[in-house]
Amino acid sequence: MSDSAGAADDGGPVTTETGESPTRVAIACQGGGSHTAFTCGVLRTLLANWDEQYELVGISGSSGGAFNALAAWYGLVTGDAEKARTILDNLWDDLAAREMSDRWLNRWVTTVARLESSGFPVPMVSPYQIPGPELGKERIRTVLERHIDFDSIPGLCGQSSPELVVGTVNVNAGEFETFTNEDVSVEAVLASAAVPRLFEAVEIHDHLHWDGLFSQNPPVHDLMHQPPARKPEQLWIVQINPQEYEGEPATTEEIADRRNELAGNISLNQELSFIRQINRWIDEGTLPPDNFVRADIRRIQMGQQFPSATKVDRDPEFLQELRELGRERAQEFLEGD
């Protein structure tokens with residue numbers, strides 16, 4: 001990979017060593033809490049093995065996927081692929097529960113989550129009634145600001161920079177809301193991960209915002225609506241939730257897990273269906289190819305089911321297992337290219 005993920009430093013056209021234009025690629029990172037450590041492994045592997053035949057023109061994410069998208073984007077536009085890989089690694093190292101008090105809190109949160117998913121009656125407590133959740137949010141803010149200079153983001157956005165998209169839900173307006181490029185702030189990223197039962201909503205522009213898992217998961221629409229010369233020709237989806245399920249969910253926990261997975265995939269599949277329809281119209285000549293670009297969809301799927309309760313598990317060994325799984329799946333993706 002070139003130092004800017006295939007982007008021309010002067011904003012001019014990008015070409016490979018053979019003089020051909022590279023294939024424009026956008027990467028969309030699905031949310032899923034701690035399971036998105038998988039995405040860290042995927043992106044680090046893609047960045048380490050990037051082929052000059054591809055140009056990264058956009059990257060998006062919701063919830064934990066937004067952490068990864070932001071880290072990769074920021075590393076690329078301020079340095080190179082290796083810097084992006086380092087930021088991804090360091091970010092997840094810092095998010096892991098390593099100190100004794102944090103490990104104890106993590107065990108308590110994951111235990112409660114497992115009891116809830118198994119149908120055990122657990123008292124419901126609003127995050128507005130106890131201080132712990134907001135302390136957790138401030139910890140995430142501290143980690144993000146340790147690795148990302150958010151004040152510098154507007155100056156890093158340009159014609160040659162990949163599009164950056166973070167997905168949230170506007171609670172007051174009752175609609176999806178994305179933040180792109182210079183509008184991406186630490187508040188927008190925190191809002192994208194503000195699970196209603198765990199964190200208070202995040203106020204942005206006098207409106208409250210919740211977790212992007214309720215919206216475009218991950219955001220795709222903004223990635224595809226770029227100027228013709230920057231429209232993606234391939235869309236790579238890093239998918240956390242399993243697409244398929246063998247057998248029938250029977251136990252309370254199995255039903256809860258599959259319902260959680262389906263909820264995370266519905267908006268994604270709707271957007272991908274629309275892209276496929278656009279592709280068909282282009283192939284049929286209904287849409288002019290000068291204004292519309294055919295986009296091939298490719299998925300990098302986790303392909304392994306973990307209980308939904310583990311989406312809040314920040315155990316260092318578990319996160320490392322997910323990162324390694326991401327490396328393996330990305331390597332399979334590259335070898336099948």
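Student: Two strands pair if DSSP finds at least two bridges between them. Which strand pairs with S1, and in what sense?

Tutor: Strand S1 (residues 23–29) pairs with S2 in the parallel sense, over seven bridges. Strands are DSSP runs of E, at least two residues; helices are runs of H or I, at least four, and both are numbered from the N terminus. This is a predicted model: local features need pLDDT of at least 70, side-chain atom pairs need 80 or more, and totals for chains, interfaces and linings use all residues. Numbering starts from 1 along each chain as its sequence is written, and side-chain values use heavy atoms, without hydrogens or water.

Student: What stands opposite isoleucine 27?

Tutor: Isoleucine 59, in S2. S2 also joins S3 through five bridges, running parallel. There, glycine 58 has glutamate 163 in S3 as its bridge partner.

Student: And what does S3 form with S4?

Tutor: A hairpin, with four residues between the strands. S3 (residues 163–170) and S4 (residues 175–180) pair antiparallel over six bridges. Valine 165 is partnered by threonine 180 in S4. In the turn, glycine 174 has a positive phi of about 70 degrees.

Student: Back to S1 and S2. What unit do they make with H1?

Tutor: S1, H1 and S2 make a right-handed β-α-β unit. Right-handed means the path from the first strand over the helix to the second runs clockwise, with the strands pointing away from the viewer.

Student: Why does the length of H1 agree with expectation?

Tutor: H1 (residues 37–48) has 12 residues, so at 1.5 Å a residue it should span 16 Å, and its end C-alpha atoms are 17 Å apart. The expected span is 1.5 Å times one less than the residue count.

Student: Is H1 mostly covered or mostly open?

Tutor: Mostly covered: 11 of its 12 residues are buried (under 20% relative accessible area, 1.4 Å probe, protein chains only). Among them are Phe38, Cys40 and Arg44. In S2, nine of nine residues are buried.

Student: How many cavities turn up?

Tutor: Three of 30 Å³ or more (a cavity is a set of points on a 1 Å grid over the protein atoms alone, where a 1.4 Å probe fits but cannot get out). The second largest has a volume of about 50 Å³.

Student: What lines the second largest cavity?

Tutor: Its lining includes Ile27, Leu43, Trp50 and Ile59. Lining residues have an atom within 4 Å of a point. H1 gives the largest share, three residues. The lining has nine nonpolar residues, no polar and no charged.

Student: And the largest?

Tutor: The largest cavity holds about 60 Å³ of space. Of the 12 residues lining the largest cavity, the closest to its centre include His35, Glu261 and Lys311.

How values were computed. Buried means under 20% relative accessible area, exposed over 50%, partly exposed in between (1.4 Å probe, protein chains only). On a 1 Å grid over the protein atoms alone, a cavity is a set of points where a 1.4 Å probe fits but cannot get out, and a pocket is an open set with protein on both sides within 12 Å along at least five of seven lines; lining residues have an atom within 4 Å of a point. Grid points are joined across faces, edges and corners, and a volume is the space filled by probe spheres set on the points. Ala, Val, Leu, Ile, Met, Phe, Trp, Tyr, Cys and Pro count as nonpolar, Asp, Glu, Lys and Arg as charged, and the others, Gly among them, as polar.
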